[in-house]
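Colleague: Got a minute to walk me through this model? I'd like to get my bearings before I go back to the bench.
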Amino acid sequence: MGQKVHPGGLRVGVIHDWKSNWWTSKKEIADYILEDVRIREHINGKLAHAGLSDILIRKDKQRITVDIYTARPGIVIGKSGVEVDALRKELHSITGKSVHININEIKRPELDAQLVAQSIAEQLQNRVSFRRAMKRSLASAMRSGAQGIKIQCGGRLGGGEMSRSERYTEGRVPLHTIRADIDYGFAEAKTTYGRIGVKVWVNKGEIMPEGYEGSLGRERITEADGSRRRRGSNSEGLGASRESGRGRSQDREGLGLVQRRRRPGRGGGRGGAPRAGQGRGPSPETEAQPTDASLETPPTEAAPETTAPETTPESTGGDS
């Protein structure tokens, strides 16, 4: 059985940093963890419609700094900063500490795994076909410059009686390569026939250590991704889709009917009489008819052969 590991947690300390940075004694660890949970739940509950991607927390005993990454900073800030001030007061009442909030805008939400998962979940709630939503996200991510993306939806897809999961992948998503910057996101779509989970993996490239000068390997990787992307663009990158096999049965039935109408070349027509030029041998009519064009005209008597008189130098010379 494969053991599933969170791509972000696997890379913490290598290319990713912790989402909560603080230090305390063993007696206060539980209180600090519970405080982080309350802060995240409150922000996610209040700003769920603002397209939140990530929340980073840095704190000590007197002050808390919260970094919010969102695709819609205007909704989080509000008019003249009213929403931010209200959020700061609410977090102060929850924690009892001074709170400082930083709003960071995500300029390319197509490359953020959490935002992609939330977008697909919203489309599923609006009764959009799950295949169409997944394919649109794949195409937009690859168009924005991602080296690979993988999307998986699980639940009662399309309102089916039994739950199942479907996955679409384009590009390369190396989960075991630690230097690969793999972004992971998860969201749930609350539909009328149950919840559908959406998982998204986005490969944003490789992060090399400081002082690394070997660029040959990176160039090879980018060339391979470019060729793979070009091959996928011709077929829309979704050759493994199940929709492509739906219309094949009708085409096959049409070809089958055409083949049934054909009959072997022995008989020919409906009555069994052989057609002209199709039998094993020539027909008697064709044997009786003359085939040589010279037989159509009566023969003529051969004219006697005349030979030109031999000339001598005397007769040709004339009077000189």
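Modeller: Sure. One term to start: a helix here is a DSSP run of H or I with at least four residues, numbered from the N terminus. Keep in mind that this is a predicted model.

Colleague: OK, so which helix is Ile29 found in?
Modeller: Ile29 sits in helix α2, which covers residues 29-46.

Colleague: Is Ile29 buried, exposed or partly exposed, and why?
Modeller: Ile29 counts as partly exposed because its relative accessibility is 35%, and that class lies between the 20% and 50% cut-offs.

Colleague: Which residues form the nonpolar patch on the surface?
Modeller: Ile29 belongs to it, along with Ile33, Leu34 and Val37. Together they have about 310 Å² of accessible area.

Colleague: Switching topic: how many helices and strands does the chain have?
Modeller: There are 10 helices and 8 strands. The chain has 320 residues, and 29% of them are buried.

Colleague: What about strand β3, mostly covered or mostly open?
Modeller: Mostly covered. β3 spans residues 63-70, and 6 of its 8 residues are buried.

Colleague: And which way does β3 pair with β2, parallel or antiparallel?
Modeller: Antiparallel, over 7 bridges, with β2 being residues 52-59. The two form a hairpin with 3 residues between them.

Colleague: How many bridges join β3 to β4?
Modeller: 8 bridges, and those two strands run parallel. β4 is residues 98-105.

Colleague: Which residues are the bridge partners of Thr65?
Modeller: Thr65 in β3 partners Arg58, and in β4 its bridge partner is His100.

Note on methods
Residues numbered from 1 in each chain as written. Predicted model: local features only at pLDDT ≥ 70, side-chain atom pairs only at ≥ 80, totals over all residues. Heavy atoms only, no water. Buried < 20%, exposed > 50% of the residue type's maximum accessible area, 1.4 Å probe, protein only. Patch = residues over 30% accessible without salt bridge, like charges linked within 9 Å, V, L, I, M, F, W, Y side chains within 5 Å. Areas by Shrake-Rupley, 256 points an atom, 1.4 Å probe, with all protein chains shown as cover. Salt bridge = Lys/Arg side-chain N within 4 Å of Asp/Glu carboxyl O. Pairing = 2+ DSSP bridges.
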